[in-house]
Amino acid sequence: MKLDLSELMSGRASSIRFDYTFDPEHVDLECAALPSDVTIPENGIRVTGDAVDSLGFLKFRAHVSVAYLTQCARCLDEIKEEFDFDMERMILTAPAEEKNHVNADGEWDGVLDDTLTVNEGRLIPDADIIEEISLGLPPFALCSPDCPGLCPKCGKRRADGDCGCRDEKFVNPKFAVLKSLLKDGEESERG
Ligand SMILES: [Zn+2]
Ligand SMILES: [Zn+2]
């Protein structure tokens, strides 16, 4: 969204309120990307807040709510999640020295600028909002706090009922690695 701040910058208004939704598909992202298992539907990001003149300094203040789809970390079912946060930025009316947050490999250094720059009276905060989302999203989600996950043997969802798998005891993956190392050792002694 392009927010028109010309009234604020000329002193004719002391604040500009905004309330809009957007879709990350339509934002030019320089660096931050959303995790691959996260999908934000159209208009899934809502931004409400204002740009204010605070003792001669312009500030952007917003509350951001995100509705997104992701997978349950245990049973892999698709689930809807929500996440919201507040953000604040100083607004610069003239471009400051460019800070480069992308290395030679095109990777973002994960540093957020604390400023937004006005361009021809307009402020475009959406890329910065997505940076905040990509840093703040919870690292994983569960369909329910006690989701029993999948059967390690047949892969069926345990919440769907008894899959009938029994007998074999769960082998800790660490021991499975040890076991294969021992086997390799025996073979190389023989060879
Ligand atoms: Zn689950
Ligand atoms: Zn099973």
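**Reading the views.** Residues are called buried under 20% relative accessible area, exposed over 50%, and partly exposed in between, using a 1.4 Å probe and protein chains only. Residues are numbered from 1 along each chain as its sequence is written, while chains are lettered from A and ligands numbered from 1 in the order in which they are written. This is a predicted model, in which local features need pLDDT of at least 70, side-chain atom pairs count only at pLDDT 80 or more, and totals for chains, interfaces and linings use all residues; side-chain values use heavy atoms, without hydrogens and water.

**View 1. Meet the whole protein.** Three helices and seven strands make up the elements of the protein (DSSP runs numbered from the N terminus: H or I for helices, at least four residues; E for strands, at least two). Walking along from the N terminus, you pass them in the order β-α-β-β-β-β-β-β-α-α. Of the 191 residues, 30% are buried. Among contacts (heavy atoms within 4.5 Å) between residues at least 6 apart in sequence, 60% join residues at least 24 apart. The accessible surface comes to about 13000 Å², and carbon and sulfur atoms account for 49% of this area (Shrake-Rupley method, 1.4 Å probe; for residues, only the protein chains shown count as cover).

**View 2. How confident is the predictor?** The mean pLDDT of the protein is 85, and 84% of the residues score at least 70; pLDDT is the predictor's confidence in each residue, from 0 to 100. Look at β4 for the highest mean among the elements, 96, and at α3 for the lowest, 64. Where pLDDT is low, predicted coordinates should not be read in detail.

**View 3. Four cysteines hold the zinc ion (ligand 1).** The sulfur (SG) atoms of Cys72, Cys75, Cys143 and Cys147 coordinate this zinc ion at 2.3 to 2.4 Å (donors are N, O and S atoms within 2.8 Å of the metal, or 3.2 Å for Na, K and Ca; water is not among the atoms, so sites may look incomplete). Angles among the four donor atoms run from 104 to 115 degrees, and the site of the zinc ion (ligand 1) is tetrahedral (four donors with all angles between 85 and 135 degrees; square planar for four and octahedral for six need opposite donors over 155 degrees apart and all others between 65 and 115; anything else is irregular). Along the sequence, the donor residues of this ion follow the spacing C-x2-C-x67-C-x3-C. Distant parts of the chain are linked here: Cys72 sits in the loop between β4 (57–71) and β5 (78–92), and Cys143, 71 residues apart from Cys72, sits in the loop between α2 (126–136) and α3 (173–190).

**View 4. Covered or open at the zinc ion (ligand 1)?** Cys72 has 0% relative accessibility, so it counts as buried. Cys75 is buried too, at 5%, and Cys147 is buried at 5%. Cys143, at 36%, is partly exposed.

**View 5. The zinc ion (ligand 2) has its own four cysteines.** Its protein donors are the SG atoms of Cys151, Cys154, Cys163 and Cys165, lying 2.3 to 2.4 Å from the ion. The arrangement is tetrahedral because the four donor atoms subtend angles of 106 to 112 degrees. In sequence, the donors of the zinc ion (ligand 2) are spaced C-x2-C-x8-C-x1-C. Cys154 and Cys165 are eleven residues apart, and each is in the loop between α2 and α3. Cys154 is partly exposed at 39%, and Cys165 is partly exposed at 26%.

**View 6. Searching for disulfides.** A disulfide is a covalent bond between the sulfur atoms of two cysteines. A search of the whole structure, counting pairs of cysteine sulfur atoms within 2.5 Å, finds zero disulfides.

**View 7. Helix α2 is mostly covered.** Eight of the eleven residues of α2 are buried, including Ile129, Ile130 and Ile133, along with Asp126, Asp128, Glu131 and Glu132. The cover over these buried residues includes β2 (15–22), β3 (45–54), β4, β5 and β6 (115–117).

**View 8. A look at Thr117.** This residue lies in strand β6 and is partly exposed, at 35%. Beyond the neighbours within four places in sequence, Thr117 is in contact with Leu92, Ala94, Pro95, Arg122 and Leu123. From Thr117 to Arg89 is 9.6 Å, C-alpha to C-alpha, across 28 residues of sequence.

**View 9. Two leucines with positive phi.** Leu55 is not a glycine, yet its phi is about 50 degrees. Leu55 belongs to the loop between β3 and β4 and is exposed, at 85%. Leu76 also has a positive phi, near 65 degrees; you will find Leu76 in the loop between β4 and β5, partly exposed at 47%.
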